[in-house]
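Visitor: Could you take me through some of the strands and one of the helices here, step by step?

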Amino acid sequence: MLFCHSQPESYHQHSASYIREALAPFLKNEEARLMAEHGSKRSPFQYVLCAATSPAVKQQEESLTYLNQGQSYEIRMLNRKLVEYTDISSKYVKSIVRVVFHDRRLQYMEHQQLEGWRWNRPGDRILDIDIPLSVGILEPRSHPLHLNTIEFLWDPVKNSSVFIQVNCISTEFTPRKHGGEKGVPFRIQLDTFTINEHGEYVEHVHSSGCQVKVFKPKGADRKLKTDREKIDKKVSQDREKYHLSHENTVLKECSPWPDALNLTSHSSSSTPSPVYHSSPTSCSFTDDCSPNQQGELLLAGCCDHLLPSSSPQDTQQWLHRYRFSPFSKLFYSFSGADLLRMSREDLIQICGPADGIRLFNTMKGRCIQPRLTIYVCQQHTRHQPAIKPGGGDIYHALYLEELTLLDLSEKIALLCSITPQQITHIYRQKPSGIHVLVSDEMVQIFKEETSFILSIIRDENTDGYHVVLK
């Protein structure tokens, strides 16, 4: 699916000029440093986060940028023709944007920290993409299990920009998890890949990132103002020890994130990530099996109900069959007994309100309750010998999902082994002996669990039947 805002050629020309002028003070220094490190060859990729850097960071430390929770920030991908710098010939490249921990200690605990955040914020994502504001990006995608990652394609010979939103704050990963204390720094990192001979975006070509801290709404503006006032009070000799504050943040070149290669090879091969705005209930199929065949295999290996004796493999098949594929990895080692022990509240916290309630109801085998239940006894069986212990008439239950004459006709036809089209009319016989034609309105006022004697009269003029409820 394509998410691309077409712009006139003049837009790209003015945009390039504007970007170059706005970023000139520090792009010059950044390019000089990169050229000194790598010879005369410049990197074909340059990313700029449109958010101001803090002036209260010492020269020997990495720059720090403050962001507001949930606010859309632009990352500009500058226009550089790849053929002038590298041998890359593909039209599009794929970039993966992620929010990760800057602190090495927390990086080792990333999985546990993110799972804890998922537990406390069911249904939310750490990183989102603001599609309406983004320009020049194609096929934005996210994965329901990778809450801190988004990916998209873009044309590097054109000016493109993606708007991102970070929904967690730095203090959510501190011991007390609230404001009033020093929050942990994050990293925003972009890993870019080009296509290989098999049509997969797995060839890593560039990575860059920057350090950020995320505050509650408007907190970043207040913190930046405080830092500037703090630096302004220092003497000029002390100010030289700190970075200058810039209106934009250039992402610095860095090593690829360890999971980047695994994630892109996984999403480019047999299991594509779901399209960003789509429901996360898609299911992948193997290369040698069509969707219809895959469904038949799952049906053959699953039972209708999840049983305590179900193995982890059976549980995985059951989850896929009932459209809980996004949570199959989360419950990978769970047996049927493990899953059935979980309460409704547990599942809501793990899967979110909508999927949690649906999973609980499906596990417990809860059926849709009929809107009306009535009991009927076929008249031609009333005078036959009783076939149940204790004698008496035999009644059948009719369950109406809709309070309509059509639904009543279908249920009676099924009981009498005829088609609904053969029923000409349905009448209700009153105690006075009169026959009243049954309509939708009459069905709607039937009382729950009302009992009727059902008689069927052949219509002499047609092949149909008249049904009388007594």
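Guide: The questions below go through strand pairing first and a helix after that, in what is a predicted model.

Visitor: Which residue of S18 stands opposite Ile 426?

Guide: Strand S15, residues 423-429, and strand S18, residues 465-469, pair in the parallel sense over five bridges. In this pairing, the residue of S18 that stands opposite Ile 426 is Val 467.

Visitor: Which residue takes a positive phi in the hairpin of S15 and S16?

Guide: S15 also pairs with strand S16, residues 435-437, in the antiparallel sense over three bridges, and there Gln 429 stands opposite His 435. Five residues lie between the two strands of this hairpin, and the one with a positive phi, near 100°, is Gly 433.

Visitor: Which strands are the edge strands of the open sheet of five strands?

Guide: The order of this sheet is S5-S8-S3-S1-S11, with antiparallel pairing. At one end S11 pairs with strand S1, residues 47-49, over two bridges, where Val 48 stands opposite Val 250. The strands that pair on one side only are S5 (127-129) and S11 (249-250).

Visitor: Why are the buried residues of H3 on the same side, and how wide an arc do they cover?

Guide: In helix H3, residues 110-120, the buried residues are Glu 110, Gln 113, Leu 114, Trp 117 and Arg 118. An α-helix has 3.6 residues a turn, so residues three or four places apart point the same way. The buried residues of H3 are on the same side because the arc they cover around the axis is only 140°.

Visitor: Which exposed residues does the face of H3 turned away from its buried side carry?

Guide: The buried side is covered by elements including strand S4, helix H2, strand S7 and helix H10. The face turned away from that side carries the exposed residues His 111, Gln 112 and Asn 120.

Technical notes:
Residues numbered from 1 in each chain as written. Predicted model: local features only at pLDDT ≥ 70, side-chain atom pairs only at ≥ 80, totals over all residues. Heavy atoms only, no water. Pairing = 2+ DSSP bridges. Helix = DSSP H or I, 4+ residues; strand = E, 2+ residues; numbered from the N terminus. Buried < 20%, exposed > 50% of the residue type's maximum accessible area, 1.4 Å probe, protein only. Arc of directions from axis to C-beta. Contact = heavy atoms within 4.5 Å.
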